[in-house]
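Welcome, and please open your viewer with a cartoon and a stick representation to hand. We will move from the whole chain to single side chains, one selection at a time.

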Amino acid sequence: MLIPQLKESLQTLMKVAAQNLIQNTNIDNGQKSSDGPIQRFDKCLEEFYALCDQLELCLRLAHECLSQSCDSAKHSPTLVPTATKPDAVQPDSLPYPQYLAVIKAQISCAKDIHTALLDCANKVTGKTPAPPAGPGGTL
């Protein structure tokens, strides 16, 4: 989506640069320059760089999404067989008990990360964590 805009911006930038160069050459040679308004080169260059920055961000985001997708495919469990017939089970699927073990490990890891983030946030803000509410405690 940004490529046509970038191409147009580059064309405009080159056109403005050529006009400015011709005008400066005419002034240096003592010829009268056209009194028409000339676009500012720095504004066109700024627009071009802004589009380049947007394109770079889009490419970085696409790269990050691709990396995350590859990591997800690598570290996520394969499908659990849903067929009731033993001959219809896919060879790359996990047995259900193994799938449950993987999910429990992922939940445990997520809880550990959550706890670590809360501890860090409490240390940064200087707050002491509230004691967990046990049975009969208030929420």
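How much area does the protein chain expose, and what share of it do carbon and sulfur atoms supply? The protein chain exposes about 11800 Å², and carbon and sulfur atoms supply 62% of that area. Please keep in mind throughout that this is a predicted model.

**Stop 1: the whole chain**

Colour the cartoon by secondary structure. The protein chain has 3 helices and 0 strands, and from the N terminus on its elements run α-α-α. Now colour by accessibility: of the 139 residues in the protein chain, buried ones make up 10%. If you like contact maps, look at pairs of residues at least 6 apart in sequence: 51% of those contacts join residues at least 24 apart.

**Stop 2: the nonpolar core**

Select L2, L6, L13, V16, C44, F48 and L51 and show them as sticks. These 7 residues form the largest nonpolar core. Helices α1 and α2 each supply at least two residues of this core, and the largest share, 4 residues, comes from α1. As background, nonpolar side chains in soluble globular proteins tend to be buried together.

**Stop 3: S9 and its partners**

Next, select S9 in helix α1, which spans residues 2-28. Is S9 buried or exposed? With a relative accessible area of 4%, S9 is buried, because that value falls under the 20% limit. Leaving out residues up to four places away in sequence, S9 touches C44, E47, F48 and L51. Three names there should be familiar from the previous stop: C44, F48 and L51 belong to the largest nonpolar core.

**Stop 4: C44 and T12**

Centre the view on C44. Which residues does C44 contact, leaving aside its neighbours within four places in sequence? They are S9, T12, L13, V16 and Q39.

Now pick T12, which is found in helix α1. T12 and C44 are 32 residues apart in sequence, and a C-alpha to C-alpha distance label will read 7.1 Å. With neighbours within four places again set aside, T12 is in contact with Q39 and C44. T12 counts as partly exposed, at 28% relative accessibility.

**Stop 5: the loop at I38**

Move to I38, which lies in the loop between α1 and α2. At 27% relative accessibility, I38 counts as partly exposed. Show its surroundings, without residues up to four places away in sequence, and you will find that I38 touches Q19, N20 and Q23. Try a distance label between the C-alpha atoms of I38 and Q23: these residues are 15 apart along the chain, and the atoms are separated by 9.1 Å.

**Stop 6: the aromatic pair**

How many aromatic pairs does the structure hold? It holds 1 aromatic pair. Select F48 and Y49 to see this pair, which is tilted, with 6.1 Å centre to centre and 45° between the planes. The pair counts as tilted because angles under 30 degrees would be stacked and those over 60 edge-to-face. The two partners also fall into separate accessibility classes: F48 counts as buried at 15% relative accessibility, whereas Y49 counts as partly exposed at 46%.

**Stop 7: the salt bridges**

Switch to the charged side chains, where the count comes to 2 salt bridges. For one of them, select R40 and D42: their side chains meet at 2.6 Å, N to O. D42 counts as partly exposed, at 40% relative accessibility.

For the other, select E56 and R60, whose side chains meet at 2.7 Å, N to O. How far apart are E56 and R60 in helix α2? They are 4 residues apart in that helix, which spans residues 41-75, so about one helical turn separates E56 and R60. E56 is partly exposed, with a relative accessible area of 37%, while R60 counts as exposed at 55%.

**Stop 8: the cysteines**

Finish by showing C58 and C65. C58 counts as partly exposed at 43% relative accessibility, and C65 is partly exposed with a relative accessible area of 44%. How many disulfides are counted in this structure? The count comes to 0 disulfides.

Methods
Residues are numbered from 1 along each chain as its sequence is written. This is a predicted model: local features need pLDDT of at least 70, side-chain atom pairs count only at pLDDT 80 or more; totals for chains, interfaces and linings use all residues. Side-chain values use heavy atoms; hydrogens and water are left out. A salt bridge is a side-chain nitrogen of Lys or Arg within 4 Å of a carboxyl oxygen of Asp or Glu. Buried means under 20% relative accessible area, exposed over 50%, partly exposed in between (1.4 Å probe, protein chains only). Contact means heavy atoms within 4.5 Å. A disulfide is a pair of cysteine sulfur atoms within 2.5 Å. Rings of Phe, Tyr and Trp (its six-membered ring) pair if their centres lie within 6.5 Å; planes under 30 degrees apart count as stacked, over 60 as edge-to-face and the rest as tilted. Accessible areas come from the Shrake-Rupley method with a 1.4 Å probe; for residues, only the protein chains shown count as cover. A nonpolar core is a set of buried Ala, Val, Leu, Ile, Met, Phe, Trp, Tyr and Cys residues joined through side-chain atoms within 4.5 Å.
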